[in-house]
Amino acid sequence: MFNTIKISLARWVSLGALLLICSVSVSKPIKGRLAIKAAPISITIDEEEVTWDAKPSKKEAIYGANERIVYNVEVKNGLKENQEGTLSCLISTFDDKEVGRSSINVNIGKKSTKRFDLKLPGQEAGFYKVNVMINVTEYDDTIRRVVGIDPKQIKSGHAKPADFDAFWESTKQELAKVAPHFKMTEQPNLEKDNTSVYLIEGKSLGNITVRGWLTIKKNRKPNEKFPVWLVVPGYGGVGVKPIFGSTELAVLSFNVRGQGNSSDVVRTTKVGYLTTDIESRNRYVYRGAIMDCIRAMDFVCSRPELDSNNVIISGGSMGGYLAIAAASLDSRIKLCSANNPVFCDYRALAGNKDWPMSDFVKYSKAHRLPMEKIFATLDYFDLKNFSYNLKCQSLIGISLLDNLAPPANEYAMLNNIESKKYKLFVYPELAHEVPPSLFTYLSNWMMDQFGIF
């Protein structure tokens, strides 16, 4: 009967953990800094229902410091009776400290539409919950949103370990000592659309075998080279499969250890993967997983049909994390695409009840491992510490309703990218997802960067 916000989260995350709010309800106007203007218009409406929506005046819901925050609210009354009641707006910090509110009486005539501008006071740099609420004769609802205030000023309060770069340089040197023994086995039963499929195998850090899938044009010319799209997996163990769709690119879908067809040695549950060997930074599962991405690049460079000078790495969620981490460590990667990258500014999540912190806390209690010990390991795997070294052109998408990768944490990572050679897309009405339009943009961007027309 009324508009709802569609929030797509991983199945293993409780929807109730989303505490991102934008609301509208109504009583008498409040005098002072908060102002609400009503701009009634008359439109004939046939549907016998009340619908509404609230949009920020800034497309990405990003405002300057102390700039007035405005939400444009439209209410459509399709009923045969007037709707009277209140519209209200509340803004609060993420720890639920209210910093502003206002409400007005409204009267929406039968079969008509009215629009309202709800204005909230400006705030200091950071992210805030906004609740927009409506309560009229036959309808009440709340829309939950988040706004950002001058987010480029957000900085982490937690320093990068002094030996962070040395730790990862040593790790790459350790990987280099492992002979890759790459194998490329054609899979005729999987080929389609003039595209061949190969099972890729190789030895990575710790002499663990990791695997992936290469799809490439079947009828290739002698000495023909193909730009490479390296796709890495999200969290959950399912991994990535062969990807079809372009005869102009070679696509390497690569599963890091414990994911997809690389799960024969590292075998854990979804919960268990995150905490595998977290007691030691040298054994932690993500040390190997990130090196597996580097090994995938080694494979690309070993093949004459693959253009190692034109490689993009991409992924979403954990895949976004792996993409940025690998691109920060390996200059052979020329382009990077990351959507909703997780694991940014770990220590700032202390006390957070959502994933991933919820799993760390459970592990801490079950194994009597102090959280400080866990954080001491995570400091070397925090994406904000990798991003200092992200120098390639990058395309990054984030969503303001994302409780798995909160926007303030994302900006703590983004603001460390010294090269500033990235294009950012912000989606104020989405959670742990990005819209199809971003993938269309990514496709066109890749083609343009690789000179494929």
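**A walk through the fold, starting at a strand pair**

In this predicted model, S394 has Y422 of strand β18 as its bridge partner. That bridge belongs to a wider pairing: β17, spanning residues 393–399, and β18, spanning residues 422–427, run in the parallel sense and are joined over six bridges. To get from β17 to β18, the chain passes through helix α8 (residues 407–414), and this β-α-β crossover is right-handed.

Let's step back to see the whole protein. It contains nine helices and 18 strands. Of its 453 residues, 54% are buried. Its accessible surface comes to about 19,900 Å², and carbon and sulfur atoms hold 49% of that area. Sequence separation is worth a look too: among contacts with a separation of 6 or more, 73% are between residues 24 or more positions apart.

Now for the interior. The largest nonpolar core has 114 residues, and the ones with the most contacts inside it are V147, L252, Y286, I290 and Y321. Helix α3, residues 285–302, gives this core its largest share, with 11 residues. If you centre your view on Y321 and leave aside its neighbours within four places in sequence, you will find it in contact with Y286 and I290, and also with P341, V342, F343, F381, L383 and F386. There is also a second, separate core of 19 residues, which includes V240, L335, L395 and I452.

What about the cysteines? The count of disulfides comes to zero. Two cysteines make a useful pair to look at. C293 has a relative accessible area of 1%, so it is buried, as this falls under the 20% limit. C301, at 36% relative accessibility, counts as partly exposed because that value lies between the 20% and 50% limits.

Our last stop is V70, which has its place in strand β4, residues 69–77. Is V70 buried or exposed? With a relative accessible area of 14%, V70 is under the 20% cut-off and therefore buried. Part of its cover can be traced through its contacts: leaving aside neighbours within four places in sequence, V70 touches K55, P56, S57 and Y63, along with D117, L118 and K119. The last of these residues shows how the fold brings distant parts of the chain together, as V70 and K119 are 49 residues apart in sequence but 4.5 Å apart in space, C-alpha to C-alpha. As you look along β4, keep a general point in mind: in a regular strand, side chains alternate between the two faces of the sheet.

Methods
Residues numbered from 1 in each chain as written. Predicted model: local features only at pLDDT ≥ 70, side-chain atom pairs only at ≥ 80, totals over all residues. Heavy atoms only, no water. Helix = DSSP H or I, 4+ residues; strand = E, 2+ residues; numbered from the N terminus. Buried < 20%, exposed > 50% of the residue type's maximum accessible area, 1.4 Å probe, protein only. Contact = heavy atoms within 4.5 Å. Areas by Shrake-Rupley, 256 points an atom, 1.4 Å probe, with all protein chains shown as cover. Pairing = 2+ DSSP bridges. Right-handed = clockwise from strand over helix to strand, strands pointing away. Core = buried A, V, L, I, M, F, W, Y, C linked by side-chain atoms within 4.5 Å. Disulfide = S-S within 2.5 Å.
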